[in-house]
Structure formats: structure tokens, C-alpha cells
Amino acid sequence: MQLRIDPGAVARARRLAGAIVDPVEAFIARHSTVGVERAVARLCGVDGVDADGVPLPNRLVDALRPREGGIARALGAAAAETGRSPQDVAAAVAAGEPLPDPSRTPEAAGRAALRPHVERGWARLDGARRERDALLARLPQAEPPLLYVIVASGNIYEDRTAAVAAAEAGAQIVAVIRSTAQSLLDYVPYGATTEGFGGTYATQENFRIMRAALDAASERLGRYVMLTNYASGLCMAEIAATAALERLDMLLNDSMYGILFRDINMQRTFVDQHFSRQLNARSGIVINTGEDNYLTTADAVEQAPAVLASQFVNEAFALRAGLPPRQMGLGDAYEIDPDLEDGFLFQLAQAQLARQIFPAAPLKYMPPTKHMTGDIFKGHLIDAMFNLTSVMTHQTIHLCGMLTEAIHTPFVGDRALALENARYVMGTARHLGDELEIVPGGKIERRAHDVLNGALRILGAVAERGLMRAIENGTFADVRRARDGGRGYDGVFSKADQYWNPFADVESAGMRPPASRS
Amino acid sequence: MSSVKPYGDTLDDGAVQLSFTLPIPWDEAADEAARRLVGLMGFTDVAVVEGRPISAAFSFYVVYARTPVAIDVSTIRAPSAAGAALSLEQVDELVAKRVGRKLKVVGACIGTDAHTVGIDAILNMKGYKGDYGLERYRGFEVFNLGSQIAVEDLVRFARDRGVDAILASQVVTQKGSDIANFTALAELLEAEHLREDVLLIAGGPRVTNLLAAELGYDAGFGRGTLPSEVATFIARRAAERVSA
């Protein structure tokens with residue numbers, strides 16, 4: 001099943017996306033954020049909380065004045081002058097000591113003194129990646145679409161039970177949905193947590209608990225079960241760092257989602273997404289982008305070009321952070337009104353279009369949510385059509401739709417029914433897409449062309465105006481965000497000439513990323 | 001007919017279908033456990049038509065049974081807040097003629113809830129299912145504060161702007177967070193002596209008008225609500241207030 005697509009139009013869209021993100025990249029290169037610096041601190045081994053429960057990375061970076069040189073430079077100077085490890089420096093700061101002034105220490109001496117800690121950070125991260133590669137080789141996953149489910153009880157121990165049950169019922173990827181407000185917290189909570197609303201807090205300890213449970217399940221089932229969380233919101237970079245250390249396999253990570261849908265400052269988000277994706281690239285984590293949000297907040301037929309435009313922008317940002325296409329889970333969703341005649345054809349057109357434009361990307365396909373109601377019977381049918389679209393168009397990451405989507409966070413039985421639905425449809429129609437041809441010039445192909453042309457128009461308009469101005473003007477999702485508005489703006493700062501982030505630049509770390517699996 | 005039972009294929013057969021999960025592995029004894037459990041719920045003629053494992057530790061059941069109880073529907077009252085909705089033009093005319101100024105309406109997802117799909121459907125120009133949102137009406141001045149708005153901030157906004165109506169939305173209902181937030185808003189408005197000055201409206205997929213009344217709200221709108229229904233309610237109440 002192939003669409004005839006004008007390769008010139010696709011190339012033009014990619015050029016426009018590049019022209020959109022390059023000026024933002026220039027901005028990113030000159031700036032850092034408190035979130036990036038806290039991620040650096042964590043990768044240097046800083047962890048734990050003070051007596052009041054404030055995370056030490058926060059205490060440390062809050063003490064950094066001026067911030068322009070970056071935390072690594074301060075930690076390096078402290079290590080050179082006192083021999084203290086980054087963790088000891090953070091503990092001292094938390095106990096009330098000032099952070100030593102790095103300007104008195106020669107740059108080279110500071111960098112050399114921090115080097116062992118940086119290398120330990122890289123080694124943990126690379127070790128986790130090698131471990132994943134080995135597990136995947138020994139415990140291969142079933143054929144895509146990879147069935148992905150969420151757990152969201154608020155209690156990590158209940159989540160663990162649900163995740164293991166889902167894995168046994170056929171889930172290949174488990175995502176722990178975060179507590180509703182976490183994207184707006186300017187710190188990563190600490191320890192195992194049992195209270196949350198609409199989800200469970202992302203903490204390093206919670207990551208460990210889930211990873212251990214899914215590793216045990218993977219061994220028992222003979223197939224590797226992946227773990228997903230959210231590198232979004234104000235702690236994008238820190239979550240990317242902790243996820244890399246604890247061998248998560250995927251992270252929701254979108255270049256613009258936080259700006260548009262969580263009112264996080266755009267400068268903060270652009271800088272944070274870049275560093276988080278650099279870490280994702282190195283750690284082999286597949287990102288999942290959030291294009292589904294354009295569809296849940298507006299009409300899915302009208303917004304289809306915005307989805308494709310956003311996929312191009314996400315791809316352009318990701319490439320510039322060093323993330324290879326095989327780690328780009330670009331998003332789309334099955335959200336067209338079920339009452340619309342030929343809506344299924346439109347869904348097929350959009351999904352197949354993305355498949356052909358991004359052939360190497362592990363596309364992330366999101367289930368119907370907006371038109372799901374308390375009628376669980378109809379909901380189960382809509383989910384089946386979504387499952388059919390996914391298998392016909394060879395989507396890679398398939399978030400299973402729940403018949404109770406509109407009612408509650410999934411029950412254990414809901415997840416099992418969703419997985420059965422997906423396995424039935426994808427089994428019985430496994431190669432249907434390969435056996436059919438799309439009528440040239442027919443409804444599906446015409447729709448695909450409309451979507452591509454619409455995306456080109458959006459990209460052209462945004463390239464002309466500039467991305468930040470376009471967001472200010474409400475070009476995306478009808479949401480307007482000011483350049484210096486939103487949450488987290490005060491955490492953005494310009495880098496000084498002496499700024500140093502040993503984890504932002506592979507060359508400066510004196511290492512190269514290990515060879516990756518294909 | 002006042003006494004009513006579920007209807008399968010014969011009047012008063014009381015037929016119901018149930019499905020549930022038990023936290024035990026499946027075997028034939030588990031089927032029997034499910035059957036007896038449904039009997040203990042008060043049902044008769046229990047048939048476990050499907051029982052199967054869904055994981056090592058959980059099993060799933062589909063059950064048909066009959067209920068011996070009936071309900072007297074003649075005593076039930078659940079008035080809808082919607083009433084007969086007016087058109088956009090009728091609402092605007094009502095506001096223009098009876099109120100004589102734009103009504104200020106503020107909407108927000110309160111507490112930690114980040115799901116604006118409901119409030120956006122009611123307020124955004126575009127509306128929902130072809131029914132324009134309140135921003136489209138000449139009779140309303142609309143402030144959509146968006147997601148995760150603390151009730152303190154919402155009340156401050158309402159006081160500073162002198163709003164006529166507050167629309168509080170809650171989509172997340174886990175562990176009663178919606179009820180807690182709705183209650184906190186109503187209580188704070190009372191404490192600030194603002195409650196009498198505003199129309200207080202709750203919205204969300206799990207909200208009913210009855211629930212809203214219990215929480216001290218003027219109205220509650222649940223799933224499938226059209227913007228014109230909310231607009232009609234606000235305009236009619238505001239017109240009544242002017243006349244009163």
C-alpha cells in the first residue's frame with residue numbers, strides 16, 4: 001500500500017523545517033537553564049534531598065551565582081580546590097556553605113578535576129544502553145506495532161502490579177503516566193511515591209522500581225518489555241538524565257508541547273528540549289512526540305496538516321540535537337469524528353503519509369480519546385478501527401486505546417481487553433496493508449496530498465515569521481504564548497565565554513557514542 | 001408504568017450484564033467464585049458466560065444475571081440545568097435587552113487538572129459539534145484562564161474583574177480530586193462574600209446537575225453539553241437577576 005507523494009514537496013517541507021529551527025538553534029547555543037544545569041549535576045553524581053526534602057541538584061544550582069559559567073565549572077573548581085566530589089559539594093551547599101567562586105581556579109585544572117565524575121556519568125549512561133542492547137538481542141520483542149499501555153494509579157506499587165499484569169497480557173511497552181501537575185514542578189520529586197493525581201510522580205526511585213519489575217517480567221516472558229516516562233515540562237533535561245541512568249527505553253519529549261499546552265516559557269523549552277534530546281541520543285532512548293495534542297484540542301480533520309508540520313519541526317530539532325531518525329517516535333493520533341463519512345479513509349491517508357515521509361522513524365500512533373464516551377461498546381469498536389489503521393500502515397509504537405478512555409484511568413481488566421483487541425485485529429489483518437493498493441487519485445491519495453500541501457503552507461508561514469513569533473501569534477493550536485511569558489522563564493540565562501557543559505558535547509567528553517543497534 | 005426492572009427480552013425479567021476482574025488466577029473454582037460473588041450482590045440466575053485469565057495473577061469474567069429489585073420511577077426527579085437551549089442570536093438578544101451590557105464569564109480548569117478540552121469546547125470561538133463557543137457571542141466577554149488554576153487565583157480574578165459567571169471545569173476525578181476542588185472554590189467564594197454576586201457553574205464529564213447542586217453550585221453540566229446550553233443558562237439567570 002503506497003501513496004504517490006511528490007518527493008519535491010517533502011524535500012521542500014524539510015528545508016522549511018530546517019529554516020524554522022536554525023534561528024532557534026542559534027538562540028539555544030547561547031543559552032542554558034537551571035533545568036539543564038541540574039541535569040548536569042545529576043550526571044556528575046548529585047542525588048538526594050536536604051532535611052526539608054528539597055532535591056540537592058536544586059539546592060546546588062540555586063546557589064550558583066552568577067549562573068553564566070554553568071554548574072560544571074563550579075563543581076570542577078570545587079573539586080580542584082578541595083578534592084570534594086560533586087555530591088559532597090552539594091551536601092555542603094545544602095548545609096549552608098557557599099558554593100566556591102570558580103573564577104580563581106584555572107579552567108584546565110577544574111575540568112581535569114571533574115573529569116572522573118563526568119566519565120563515571122557517561123559510563124553509567126553508556127552501560128545502561130549496552131545493557132538494553134544485550135537484553136533486546138537475548139529477549140527479542142514481538143513484531144511491531146509494539147503494543148504500548150499506560151499505568152496511572154498514583155501509587156508506584158499498584159502501578160508495578162498493573163504493569164506486570166499488562167506485560168503478561170501482551171504489552172511490550174509500559175508507560176507510567178505522571179501526576180497531573182508534575183510538568184509544572186521545577187524539581188524532580190524524590191523517592192518512591194504512593195500519592196498522585198491522574199498519574200504517578202516520575203522519580204528516580206520509581207523508575208528503578210518499575211525497571212526491576214519489568215526486567216523480571218521480561219526474563220519470565222522471554223521478551224524485553226520497555227519502560228516509558230515523560231521528559232516534558234520544567235524538568236525535561238533532568239528526567240532525560242535520570243531516565244538514561246535507570247535504563248528507561250522511551251520518553252515523551254516534544255519540542256513545543258510544554259509551550260503550547262502547559263504554558264511553559266518557550267525559551268526555556270527550546271533550550272531544555274535540545275539538551276534532553278542530546279542525552280536521549282546518547283542513551284539510545286526513543287522519544288515520543290506529542291502531535292496528538294493538536295487533534296484532541298481541535299477538529300482532527302482540520303488539524304491534520306498541523307500534525308505533519310509539527311512532525312517536520314520535531315524531526316528538524318531532533319536531528320540538530322544528534323538524535324537519529326530511528327529514535328524519533330513522531331506522533332499522530334486517531335481522532336477523527338466517528339460520525340464523519342470516510343473518516344477511516346482520512347485516518348489511513350494520514351498514517352500512511354507519515355509512514356512514507358519518515359520511513360526510518362518508529363512512529364507513535366495514539367488512540368482515540370476525544371470521541372470516546374461512556375458507551376464502552378462503541379468505544380471498543382472505534383479502538384478496533386484504530387488498531388486496523390495501525391497494522392495496515394506499519395506504525396511502530398501503538399498506544400492501545402481503552403474502551404473506558406472517557407471514564408477512568410484504566411482498570412487492569414480494561415488494559416487486558418485493549419490488548420486482546422489489538423492482538424486480534426493485528427493478527428487477523430497482519431499483512432493486509434501489503435496486499436492492497438491505494439487507488440491513484442482516489443479519496444485516500446487526494447486527502448494525503450491535501451494534508452501535505454497544508455503542512456507546506458503552515459511551514460512556509462512559520463519560516464517567514466520565525467518560530468517564536470509564530471507561537472506568539474497563535475499559529476499552533478490557536479494558542480498564543482509570549483516570548484518572555486509562561487512558567488520557568490526566570491530559569492533561562494545566557495552562557496558566559498567560560499560556560500562549560502561536559503555532557504552537551506561528545507567531543508569535549510573525549511568519548512564517542514557507542515555503536516548502536518539498527 | 002412506575003415500577004421498573006431491567007428488560008432483557010421479557011418484561012420484568014430483570015436481566016443485567018456485568019463484567020469484572022478478580023485478583024486471583026483463573027481456574028474452574030474461580031468461575032464458581034465469580035458466580036457466587038454475583039449471587040452475594042443480590043442477583044439471581046447467575047451465569048458466568050466467560051471466565052479467563054488475563055495475567056498470572058488476575059482473571060476476567062462476563063456474567064449475566066437477574067435482579068429481584070425494581071425502582072419506582074414516578075418518584076425520581078433530576079432536573080437538567082440545560083432547559084431548552086436558545087440560539088446564539090436569541091441569547092445575544094436576551095442579554096442585550098434584559099441585561100443591557102456584556103456578561104463577564106471566566107472559565108478555568110481548577111486545581112492541578114490540566115485537561116482543558118471541556119472548558120475549551122464551551123468557551124472557545126469554535127465551540128463543540130458545530131455549536132459555537134461563548135467567545136462567539138456578542139453578549140459575553142469571556143476569559144479562559146486555561147489549566148491548573150488555583151482556586152485562590154480564580155476567585156481573585158473574579159473579584160478584580162467583577163465577573164458575572166464562573167465556569168469551573170474538572171476532568172480528572174481520581175481519588176475525589178474534582179469534588180475537593182469544586183468544594184474549595186465554593187467555600188472560598190463564600191468566605192470572600194462573593195458567592196451571591198456570581199453564577200457558579202461546574203463542568204466536566206462526570207458532573208451532573210444534581211452533584212453541582214449538592215456542592216452549592218448554581219448548575220452543573222456533564223458530558224455532551226453544548227455551549228449554547230451553558231450560554232442559555234447564564235443569560236436566563238442573569239436576566240432573572242436584573243428583573244428581581
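# Reading a predicted two-chain model

Modeller: In chain A of this predicted model, strand S2 (residues 146-151) and strand S10 (residues 397-399) run parallel and are joined by 3 bridges. One of the pairs sets A:Tyr148 against A:Leu399 in S10(A).

Colleague: How many strands are in the sheet, and in what order do they stand?

Modeller: Read the order across the sheet, not along the chain. In chain A the order is S7-S6-S5-S4-S3-S2-S10-S9-S8, an open sheet of 9 strands with parallel pairing. Strand S7 (328-329) and strand S8 (331-333) are at the edges; each has a single partner strand, so one side of each has no neighbour in the sheet.

Colleague: Which residues of helix H9 of chain A are buried?

Modeller: Start from the general idea about helices. An α-helix has 3.6 residues a turn, so residues three or four places apart point the same way. To see how a helix sits, count its buried residues. A residue is called buried if 20 or more other C-beta atoms lie within 10 Å of its own. In H9(A), residues 236-245, 10 of the 10 residues are buried, so the helix is largely enclosed by the rest of the structure. They are A:Met236, A:Ala237, A:Glu238, A:Ile239, A:Ala240, A:Ala241, A:Thr242, A:Ala243, A:Ala244 and A:Leu245. After H9(A) comes A:Arg247, with a positive phi near 55°.

Colleague: What is the largest nonpolar core, and which residues have the most contacts inside it?

Modeller: The general idea comes before the case. In soluble globular proteins, nonpolar side chains tend to be buried together. Here the largest nonpolar core has 179 residues, and A:Val174, A:Ala240 and A:Leu251 have the most contacts inside it. Helix H13 of chain A (residues 300-320) contributes the largest share of this core, 11 residues. Another core lies apart from it and has 46 residues, including B:Ile110, B:Phe140, B:Ala168 and B:Phe233.

Colleague: What is A:Leu251 in contact with, leaving aside its neighbours within four places in sequence?

Modeller: A:Leu251 is in contact with A:Thr228, A:Asn229, A:Tyr230 and A:Ala231, with A:Ile239, A:Ala240 and A:Ala243, and with A:Asn280, A:Ile285 and A:Ile287. Of these, A:Ile239, A:Ala240 and A:Ala243 are among the buried residues of H9(A).

Colleague: Where are the cis peptide bonds at A:Pro66 and A:Pro145?

Modeller: Look at omega for the bond, then at the place of the residue. The bond joining A:Arg65 and A:Pro66 is cis, with omega about -10°. A:Pro66 is in the loop between helix H3 (56-62) and helix H4 (71-82) of chain A. The bond from A:Pro144 to A:Pro145 is also cis, and its omega is near -5°. A:Pro145 lies in the loop between helix H6 (107-138) and S2 of chain A.

Colleague: Is A:Asp263 buried or exposed, and what is its phi?

Modeller: A:Asp263 is buried, with 21 other C-beta atoms within 10 Å. Its phi is positive, about 50°, although A:Asp263 is not a glycine. A:Asp263 sits in the loop between helix H10 (257-262) and helix H11 (266-283) of chain A. Set beside this B:Asp12, where phi is also positive, near 65°. B:Asp12 is partly exposed, with 13 other C-beta atoms within 10 Å. The loop that holds B:Asp12 runs between strand S1 (3-4) and strand S2 (15-22) of chain B.

Colleague: How is chain B divided, and what is its radius of gyration?

Modeller: Chain B has 7 helices and 10 strands. Its radius of gyration is 23 Å, well over the 18 Å that the globule rule gives for 244 residues, so chain B is more spread out than a compact globule. The C-alpha trace of chain B spans about 70 × 45 × 35 Å along its principal axes. The chain is divided into domain 1 (3-73) and domain 2 (88-243), and the centres of these domains are 40 Å apart over C-alpha atoms. Buried residues are 39% of the 244 in chain B.

Colleague: How many residues does each chain bring to the contact?

Modeller: Chain A brings 23 residues and chain B brings 22 residues. On the side of chain A that touches chain B, helix H7 (156-168) and helix H16 (412-428) each supply at least two residues. H16(A) gives the most to that side, with 3 residues. By type, the residues of this side of chain A are 10 nonpolar, 9 polar and 4 charged.

Conventions
Residues are numbered from 1 along each chain as its sequence is written. Chains are lettered from A and ligands numbered from 1 in the order in which they are written. This is a predicted model: local features need pLDDT of at least 70, side-chain atom pairs count only at pLDDT 80 or more; totals for chains, interfaces and linings use all residues. Two residues are in contact if their C-beta atoms, placed from the backbone, lie within 7 Å. Helices (H or I, at least four residues) and strands (E, at least two) are DSSP runs, numbered from the N terminus. Ala, Val, Leu, Ile, Met, Phe, Trp, Tyr, Cys and Pro count as nonpolar, Asp, Glu, Lys and Arg as charged, and the others, Gly among them, as polar. Domain bounds come from an automatic or database domain assignment. A nonpolar core is a set of buried Ala, Val, Leu, Ile, Met, Phe, Trp, Tyr and Cys residues joined through C-beta atoms within 7 Å. A residue is buried if 20 or more other C-beta atoms lie within 10 Å of its own, exposed if 12 or fewer, and partly exposed in between; C-beta atoms are placed from the backbone. Two strands pair if DSSP finds at least two bridges between them. The radius of gyration is taken over C-alpha atoms; the globule rule is 2.2 Å times the number of residues to the power 0.38.
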